[in-house]
Amino acid sequence: MTCRVLVPDNLNDAGLAKLRSVDGIEVIAPGKMNRAETLAAIPEAHALIIRSGTQVDAELLEKADNLRFVVRAGVGVDNIDLDACTERAVVVMNTPDANTISTAEHALALLMALARHIPQADASMRAGKWDRKTFMGTQLMGKTLGIVGFGRVGRAVAERAQCLGMVEVAFDPFVPEDVARHLGLSLVPRLEDLLNEADIISLHATVTDKTRGMINRDAIAQMKDGVLIVNAARGSLINSADLAEGLKSGKVAGAALDVYDVEPPAADNPLLGLPNVVYTPHLGASTYEAQEIVGVQAAEAIINALVKDRFDNVRNRDVFDRLSSKNT
Ligand code: MLT
């Protein structure tokens, strides 16, 4: 039987080539598909590879009569309704390692751009000015970096920031103390401890019911005056209105944002257009290197599932109970 793999988001050529090299796999990847095109193509698909642009929700799954696997080429599965996939016996996998270094590097690039006002200084020179007074920056050595979420990316940021001579604290209720100690930093037991201590806060948590909106008015009130905030994880970790208020009051001296609660952000997003914010459009994983690895790993996940019956990095493990009850 031919397995049709639908790829509605842009996937690296190396990944597509890997899929096409396997007999019995047909790849449907005409380039970035819009929602209507994806919905029209989904009934024929046995497998789906997506990035963050495609929502795998009830509407799509309703039409996905043949779908067996969804692979998220990347980390975040917040655009996939995992319960609905489980209900329909669709296995969801991701490629959690592939983006780590590129995302960590982007967080550090944002941090430096923020600390030294690089985008604003660049814009000023492009406007014909030579202004050396406005853009007084912050030296990073000796500053305390608070890392919220100490998974793969948080740890990669920590290792790299140590080379800059930063002092580090991390908060992550799911990580054992010795993991942080091994990397030479302390894991604080409460988020408040990190908020009190950090000069710069970098977010690397996943979005859950507990973390959604965790950077809100109360959290900001507990931060140091003049704190800097970097978010290259997920926009919904932040309450946008509360952070905008903090930035306007000066309590938060600046923020660097790669991610937004809705992407692309609506024109009335209160975080847009602020002079003390550095913006990028969700570029954390956008390097040639990361996209190649992501593409290849996503293809391998499909091939392993189809050919070897091997499932790595499954995000809805209870699907296997569903599958066995379906087969008995
Ligand atoms: C991820 O979750 O892998 C990154 O945010 C990049 C992306 O969404 O493609």
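**Close-up views: ligand site and domain interface**

**View 1. R234 and its neighbours around the ligand.** A polar side-chain atom of R234 sits 2.7 Å from an oxygen atom of the ligand, a polar contact being a pair of N or O atoms within 3.5 Å (within protein, one must be able to donate a hydrogen and the other to accept it, and residues adjacent in sequence count only if both atoms are side-chain atoms). R72 also places a polar side-chain atom 2.7 Å from a ligand oxygen atom, and for H282 an N or O atom of the side chain is 2.8 Å from an oxygen atom of the ligand. On its own the ligand exposes 260 Å², and the protein buries 92% of that (Shrake-Rupley accessible areas, 1.4 Å probe). A word on the model: it is predicted, with local features needing pLDDT of at least 70 and side-chain atom pairs counting only at pLDDT 80 or more, while totals for chains, interfaces and linings use all residues. Residues are numbered from 1 along each chain as its sequence is written, and side-chain values use heavy atoms, leaving out hydrogens and water.

**View 2. The shell of the ligand.** Surrounding the ligand are S52, R72, G74, V75, G76, N99, R234, H282 and A285, each with a heavy atom within 4 Å of it. By class, this shell holds 2 nonpolar, 5 polar and 2 charged residues; here Ala, Val, Leu, Ile, Met, Phe, Trp, Tyr, Cys and Pro are nonpolar, Asp, Glu, Lys and Arg charged, and the others, Gly among them, polar.

**View 3. Where domain 1 meets domain 2.** Domain 1 covers 3-98 + 288-326 and domain 2 covers 100-279, with bounds from an automatic or database domain assignment. Their contact takes 7 residues from domain 1 and 4 residues from domain 2 (heavy atoms within 4.5 Å).

**View 4. A salt bridge at D97.** R152 and D97 form a salt bridge whose closest N and O atoms are 2.6 Å apart; the rule asks for a side-chain nitrogen of Lys or Arg within 4 Å of a carboxyl oxygen of Asp or Glu. Across the interface of domain 1 and domain 2, the rule finds 2 salt bridges.
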